Amino acid sequence: MTNTDLTNTGELPYAMTSNGNPLKSAVNGFLKLFSSVWLGVWMLVFLLVYSSIGSVGIWIPSGFVPDSYTLSRDHDWIHDIYWLYIHWTQLHIRQAPGLEMTEFEWFHWWPFYLNILLICVNLIVATLRRIPLNVINLGVWMIHSGIIILCIGSVVYFGTKVEGDAPILRRNVVIEVPDHDPVRIAAQPGNGIAMDVGDRHYRFEIMNIDPQWELLSGDDAGKRAFAVMVAVHSPEYQYVRTIPADFPNHVQDAIFTSDPQRPMVRAINEIGREIVDDSVQISLEYAPQDTFYLMNSAAIYLREKGTYEWIERPIHNLPRYNDYLDSRSDAWLPRRMGAAPSDTSDFVRRHLNVRVPAVDERDPLGDVPLYVTRYLRYAIEHTERMPGPNHDPVVWVRLRSERGQVQDHELVAFDSELNHAENHRLAFRWAGSRDELAEIARVEPATLRVVVPEADVDVVVSARPMSTDEDTFEPIEGTDFAYRIENVQNDLNIGSGGLVSVAIVRIRTPERTFQRWVFDHPDLPSRDLADEAGAVMHEQEVEFDDRIQMQYNPGRRPAPVTIIAGPEEHDLNLLLTIAGEPSLQALRPNQRVDLQAGITMEVMRYLPRSRPETRPRVIPPEQRERNAGQQRSMIRVELPVDGGMHEWLPHHVYPFRHRYEVLRRFLFRPKEITLSDGRVIEMMYSRQSYPLPTAIALNDFQVTAHIGGFTGQTSSIRDWTSMIRFDEDGQWTPAEPVSMNKPANYGGFWYFQAKWDPPDEPRWEGDPGSQGLNYTVLGVGNRNGVWTQLFGCVVAVIGMCYAFYVKPMIKRRRQQAVQQQLASIQGRQTNGEEV
Amino acid sequence: MKQPAIMMIVFVMLAAMTPTAFGQQQSSDQPSFNDQLNLEYLGRIAVHSDGRVKSYGSYTRTMMQFVSGSRVIYGQSPMVTYMDLMLRPRAYEDASIIFVRNKPMRERIAMAARQAVEEAGRSVWSEEASPEFQEFVREAEERMETFMRTGLISERVLREPRVGQVIDEMRQDLLRTARFAEELDTARVVMDPDVLRRNLRVIAPPGGGFEDRWLTFEDLQASLQGRGHPLAEVNEQLKTDLLQQWDEFQSAWRARDAQRVNAASARLAELLPQVNPELYPGEGSREGWPWSFTELDWPWVTTVSLAALFIGLGLAAVKLRQPIVASICLTSGIGWIAFIGGAMVLGTTNPLGMESWYFATRNMTWVWLLYAVALVPLLLSIVFRWKPAQWLGLGLFFLAFAFHTAALLIRWYVSDRWPNSNMFEAVTTAAWFGGVAAILLELWVWRSPLRSVFALGSAASSMVALMCAYYMPVGLNPTISNMMPVLHDVWLYIHTNVIILAYCLIFMAAVTAVLYLLYRAAGSISGNFGGPKDYARMGGAASLIQTTPDGTTYITQEKTTVGQVLDGTTMILMELSFVLLWAGLVMGAIWADHSWGRPWGWDPKEVFALNTFIVFAVLIHVRLKTKDKGVWTALIAMVGAAVMLFNWVAINFVVVGLHSYA
């Protein structure tokens, strides 16, 4: 051993003499084995391989993998990867069926622990037996002991680690009306509630939330506050109340006016007081959170319908990455690109039976265990039509454009929601007889009925818009009135999903000329509008002239393209009214029909007898959102009562208790099961909960942006800050900021800024959209042993510097000292000779 | 810059696609228009884009990258292409400027386009034999060949129904081709003149604050007519002047009158900052740099004297054999002079002008060539111990390093933050750190046979790093953008820089390890150089510190072989990177503890950093136990570098993890 880089590896200090004692020889054998440097090297190599496999799996060039494995298997634990101009097949062992481990679990599995334990034993034995503790070897000792300290700290740290996240809503809206308990709903745009007190009907809707509402009057003028605008419909009044957080004396109402330029004005300006109706009290209060939800965990929540609190049943050993289905018919499986509909050859049958026992004595199902028997990684519920016993005709239609674009539709004749498509231009009907067929094909022209009671006039005229070239009016016989039909608009889509037709008529009376909008809808009375340029745009309503009454009947026309099944069950007819006069022709499945310029239609399939069937639809891997995690997973729960029942449950990020509490962008879809004793049990699949050390309230949430403000892109954001308060014996602590890299610390947990509520477009027609910032999500975690870990690391770093740089200097000094001594001895000797 | 010949060929091809409607294409006046354009003023105009105020030059480069990838269109600056697309879209209707990255996709598009051409031709010339038809098809064919080679195609071809059909088909295959079809969509959207106009936010919000949105000329126009943003705080005169100049600029651009364009852009560059001078970056607007201290002529006095001070101190420290002080002073001095030189050449301290220039020179990544040139004499000097080669090599290395430093400082100045928060910055800054470390080590080993080996390792790694940045502008995107909020932490600067320095040292160690193996291989063939015992006796640093019984250090001995030199260098670098990597990992854990909530998340990037460390732990123990220490050290050092590179390349680009932003 000429190399003394690190250690003096000479003879072992303790002689290994075994005198036949089996225990002694075993101990000696153990000591000998664990003194070996090579053992350590091989265990390090094992650690390297183990962690590589856990992290990125095993990569094999796809050429060396049998074809049967590479075909579109990306959704399992086998992935296609393209790197360095080579296609690789990545075998993600950790995610394989049977293991289903997260990175965290892989690195806390027994082989890993065993490996670390053996490395530690090896380190201790080899260090004690091979490396004498002295100034020269201090570095190695420090490195080795630092690593052991780190391992001990890590066992404590990871052994006690609890981490998850807690959503905290900013405020609840508390609504108090006379003779009713206060009601709380989450302060989120679009949230609303209807209340009936006796025969009094109230409706409240949060129209808007302005996180930066400016106070305009009083001493606080110019300050900004989080303000909630609630539209109130009470039996007497309709108004919008603005409630700023933390400024209760700035609550104000706004009332509607008839002035279209200023549809709303502050009540104080109109009626002289801020509050329209004192009997309705609306206020804001904190929505404290006392629970957080554990990362990568699963639980089923149960309650009897009508109760509020969920009872939790944790699920252990639920799969994560692979689908577990018993048969193809358990779910709608994805089809490979271009494959026939029946080809689901990717299907792999996997058995699952996870027992979920009750852990809470309040459990509504008592001791009855639940079983999770199916698991899907990424699926949504979807209803498809299957052949069935009942007469319920359904067609599948494909429209093709010249450019090859394809649009598929499924039309169900007896379902008024599903029997039309393409904005009512394509429809599917059933005709039981020739007469019904003729009735569907019948065209009835639009008419306008004009009634003038004074003059006893009641005529019906054709509602066809008059020529725009001349400004002629049609006189009404026997009166001084004349009218002119300007325009008709049929089947306009209004917000609530209904269709409305309108005729716009100009009416000339001896006094004036005005416009009248005549609707065909019973809820929409006719309106008179000023007849000025642009007046209609601003809806300048004038007093209604009830001397003339009109009714508009839009008539009826079948949809431009109507497919009619019948009169025989297997007959299909096509009714076209695109080119003016209706034409009826027989239609066969798979027959292509030219509709108009470049667009063809084809009935792909027709089922006269069908039934709807709802199953989870497995989303093809290439369409999955990459970082969805568990959020799209679904489980099927079996209930071994009443001869067995089952239900598919979608994953919920948080187990909200009520629809009024649900945060924007999160799902709330509990499922119900009715037991034979008549009880209805609600179930929800979500994550395990864990109590926070104390309740936390979100006082404020701020976004700071880079120059130019928030543009909608994350790159324009500088930081997010939650101002949170902890409940300390019933008192709120002062607000404390939590922002990126700046956690708060309370009760043994750290709280991190994890997610936020960005501004959002309306989600559906009529939804108010959101300016965001209504809630925050804090990451929560403990950190026992972190200082031990750090201490071990620092000791190791110092040891490394010592071993590489201090040790040689000490040796050099010693060498020089020895040489000096030698020199002086030589010198003395020389001197002596001279003497 | 300009390639008239190529441009002419392109123009000829442009006129070949379909027999209808051409003619008003770029005529021969374009080169002269481009020649006469003075882009300096345009380059100094600020554009607001997603939380950053960029120069018009770098902004257009980013935008045009969505259209043309890294291809240069007609040899002209993206500043010109952007304006052209916005103001003269018709001229580009059939210009091949949309880049199709994927080769199989190119093939399918070309196939469909050929069919479309033949159909179109047949509808005009009923006879296929007619010479016009033949000529027409031949020209189209040539054009498709160019497309296959360059990947550039025109929007008009993409609009052909047949081609559209092919693209729609690709859109269906989400796994393989949808991505490329989406890129094409993005390109076509970005090319839209309206989109270009709406994004040209050049007017700082007048009277507005830091977080107020910047405005476009259209907003300004609207405000004059009493709509939109009131812009109350700008005087009417300035508004009118601005709009007048903008109109003048547009009409001049459309008329291809370079003189008028230059005049109008100069005037715009002068007027725009006046709208809200507080928000507008101008001369010396960055804080903390010498010229922002005072308004006098002090800046130059300060900078020059600072440079002199650095160099003076550095030389003194060399004389006093204080390697650390010397190297710090010298590298600072070199960087300083390089930066000042850059600023002087540009004649400005306006970050906008610098930004445009910096992007126009491809972020100075061509410095790799200088490093490459330096490698040759450095290698000669090590193998043959040839003094002149050594001086030449070190001189070239210092020159390259000075340019590299200048690039780093310009980027720092322009982005207003230390460049280490995206892949481009990580790679180039890591290489620069390697250079600093090499200079430091060179001074330490100045009088030993190790001299110029570190420079060689650093030159090689810097060359590779800058080459990657030069040839892969898509993978290593040089665009300057804001840091993600999570990166705003002091540990970003500590943890990241320590780790990338360690990575660079690992790469340098691999370079010397490869040279050692080559030396041993050559030795085993010729039998002239050392065998298994040809290694540094005491390891790395110790071989330079510890003394032999005769009182000299191990490596200073006269008889030190090339093998010992190379092995010693590998070991010195390995020891340094071992300590730094461990320290960097611990620092990362400290950061992660308060950033992600756990010091260690088993994220792939962390795991592979740890794996790299494990490889070096294995190296140390194997070296302890084996006989042929040099070979084992070199082999395992190479494995370590491979694991490190896998971490940087494959994990970053292929495996997604928490670190996906860096």
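Biologist: What makes you say that S1(B) and S2(B) pair?

Modeller: Two strands count as a pair if DSSP finds at least two bridges between them, and S1(B) and S2(B) have 4, in the antiparallel sense. So by that definition they pair. B:His48, for one, stands opposite B:Val53 in S2(B). Bear in mind that this is a predicted model, where local features need pLDDT of at least 70 and side-chain atom pairs count only at pLDDT 80 or more, while totals for chains, interfaces and linings use all residues. As for labels, residues are numbered from 1 along each chain as its sequence is written, with chains lettered from A and ligands numbered from 1 in the order in which they are written.

Biologist: And what do S1(B) and S2(B) form, with how many residues between them?

Modeller: A hairpin, with 2 residues between the strands. B:Asp50 sits in that turn with a positive phi of about 45°. By the way, strands (E, at least two residues) and helices (H or I, at least four) are DSSP runs, numbered from the N terminus. Chain B has 26 helices and 4 strands.

Biologist: Which residues of S2(B) point which way, and are they buried or exposed?

Modeller: B:Arg52 and B:Lys54 go one way, B:Val53 and B:Ser55 the other, and all are buried. The cut-off for buried is 20 or more other C-beta atoms within 10 Å of the residue's own; exposed is 12 or fewer, and partly exposed is in between, with C-beta atoms placed from the backbone. Across chain B, buried residues make up 50% of the 662 residues.

Biologist: Why is H4(B) called largely enclosed by the rest of the structure?

Modeller: Because 11 of its 13 residues are buried. Among them are B:Tyr56, B:Arg61, B:Met63 and B:Val67. Right after H4(B) comes B:Gly69, whose phi is positive, near 60°.

Biologist: How do you know what H4(B), residues 56-68, should span?

Modeller: The expected span is 1.5 Å times one less than the number of residues. For the 13 residues of H4(B) that gives 18 Å, and the end C-alpha atoms are 17 Å apart, which agrees.

Biologist: What makes A:Asn296 partly exposed?

Modeller: A:Asn296 has 17 other C-beta atoms within 10 Å, so it falls between the two cut-offs. A:Asn741, with 19, is partly exposed too. Each has a positive phi although it is not a glycine: about 55° for A:Asn296 and about 70° for A:Asn741. A:Asn296 is in the loop between S13(A) and S14(A), and A:Asn741 is in the loop between S42(A) and S43(A).

Biologist: Why point those out?

Modeller: Most residues other than glycine have a negative phi, and most peptide bonds are trans. On the second count, the bond from A:Gly566 to A:Pro567 is cis, with omega near -5°. A:Pro567 is in the loop between S30(A) and S31(A).

Biologist: Why do S19(A) and S33(A) stand at the edges of their sheet?

Modeller: The sheet is an open one of 4 strands, ordered S19-S18-S34-S33 in chain A, with antiparallel pairing. S19(A) and S33(A) each have a single partner strand, so one side of each is left without a neighbour in the sheet. S18(A) and S19(A) pair over 7 bridges, and A:Val394 stands opposite A:Val412 in S19(A).

Biologist: How many residues does the contact take from chain B and from chain A?

Modeller: 65 from chain B and 69 from chain A. H25(B) gives the most to the chain B side, with 15 residues. By class, that side has 34 nonpolar, 16 polar and 15 charged residues. Here Ala, Val, Leu, Ile, Met, Phe, Trp, Tyr, Cys and Pro count as nonpolar, Asp, Glu, Lys and Arg as charged, and the others, Gly among them, as polar. Two residues are in contact if their C-beta atoms, placed from the backbone, lie within 7 Å.

Biologist: Into which domains is chain B divided?

Modeller: Domain 1 (4-192), domain 2 (201-275) and domain 3 (483-662), with bounds that come from an automatic or database domain assignment. The contact between domain 1 and domain 2 of chain B takes 15 residues from domain 1 and 16 from domain 2. H2(B), H3(B), S1(B) and H5(B) each supply at least two residues of the domain 1 side. That side divides into 9 nonpolar, 3 polar and 3 charged residues.
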